[in-house]
Amino acid sequence: MEVIQSFTIDHTCLNPGIYVSRIDKGFTTFDLRITAPNREPAVAPAAMHSLEHLMATWFRNSSAKDDVVYVGPMGCMTGMYVIMTGNYTVEDMRSLTIECLEWVLKQKEVPATTPATCGNYLLHDLPMCQWESRRYLDRLRNDFHSEYTPLQVSLPDGKVFADA
Ligand SMILES: [Zn+2]
């Protein structure tokens, strides 16, 4: 099995921001990194779940809605994936995400939180979701990062390679 691309990024020096992790067949995967992995607490599952409902709702109603393929959380709970078609840059995604988070902060409830519309409808936490959103919004505005550092992988023969 080959090491997949997202495991070749050095997570120990990764800062919150927005990164392009892959471009394949016209689809761009944006990594919306909300917390610093392993150096800050990850987003709590209930807050991340609420953020997923809110961000997916916003993106699928936004000016970019026709190009939105997928919005969903990372398994490590430190960020959100947004997959787009079309030609979107990190700066485009930064503007969209800022607009999205401003909307999230104004919401009084999480959409689609009934047993019929959600697979775990009690696992939601809007106040904590908005706390994370406020901090991420501040970081996107004032301390933005978008360059991944490739992981230096040592091979058994002593050679080193960096797969980007
Ligand atoms: Zn749900």
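**Exercise 1.** How many bridges join strand 2 to strand 4, and do the two run parallel or antiparallel?

*Solution.* Keep in mind that we're working with a predicted model. Start by finding the two stretches: strand 2 covers residues 27-33 and strand 4 covers residues 79-85. Now look at the pairing: 7 bridges join them, and they run antiparallel. To get your bearings, pick out threonine 28, which stands opposite methionine 84 in strand 4.

**Exercise 2.** Find out what pairs strand 3 with strand 4, then look at the hairpin they form.

*Solution.* Strand 3 is residues 68-73, and 5 bridges join it to strand 4 in an antiparallel arrangement. One pair to check is glycine 72, opposite tyrosine 81 in strand 4. Next, go to the hairpin: 5 residues sit between the strands. Among them, methionine 77 takes a positive phi near 65°.

**Exercise 3.** Check the span of helix 2, then work out which residues are buried and which are exposed.

*Solution.* First, the span. Helix 2 has 17 residues (90-106), so at 1.5 Å a residue it should span 24 Å; its end C-alpha atoms are 24 Å apart, which agrees.

Second, the buried residues: they are Met93, Leu96, Thr97, Cys100, Leu101 and Val104. They cover an arc of only 135° around the axis, so they lie on the same side of helix 2. Here's the rule behind that: an α-helix has 3.6 residues a turn, so residues three or four places apart point the same way.

Third, flip to the other side of helix 2, where Glu91, Glu102 and Lys106 are exposed.

Finally, ask what the buried residues of helix 2 pack against. Their partners are strand 1 (17-24), strand 2, helix 1 (45-59), strand 4 and helix 3 (126-142).

How values were computed:
Residues numbered from 1 in each chain as written. Predicted model: local features only at pLDDT ≥ 70, side-chain atom pairs only at ≥ 80, totals over all residues. Pairing = 2+ DSSP bridges. Helix = DSSP H or I, 4+ residues; strand = E, 2+ residues; numbered from the N terminus. Expected span 1.5 Å × (residues − 1). Buried ≥ 20, exposed ≤ 12 C-beta atoms within 10 Å, placed from the backbone. Arc of directions from axis to C-beta. Contact = placed C-beta atoms within 7 Å.
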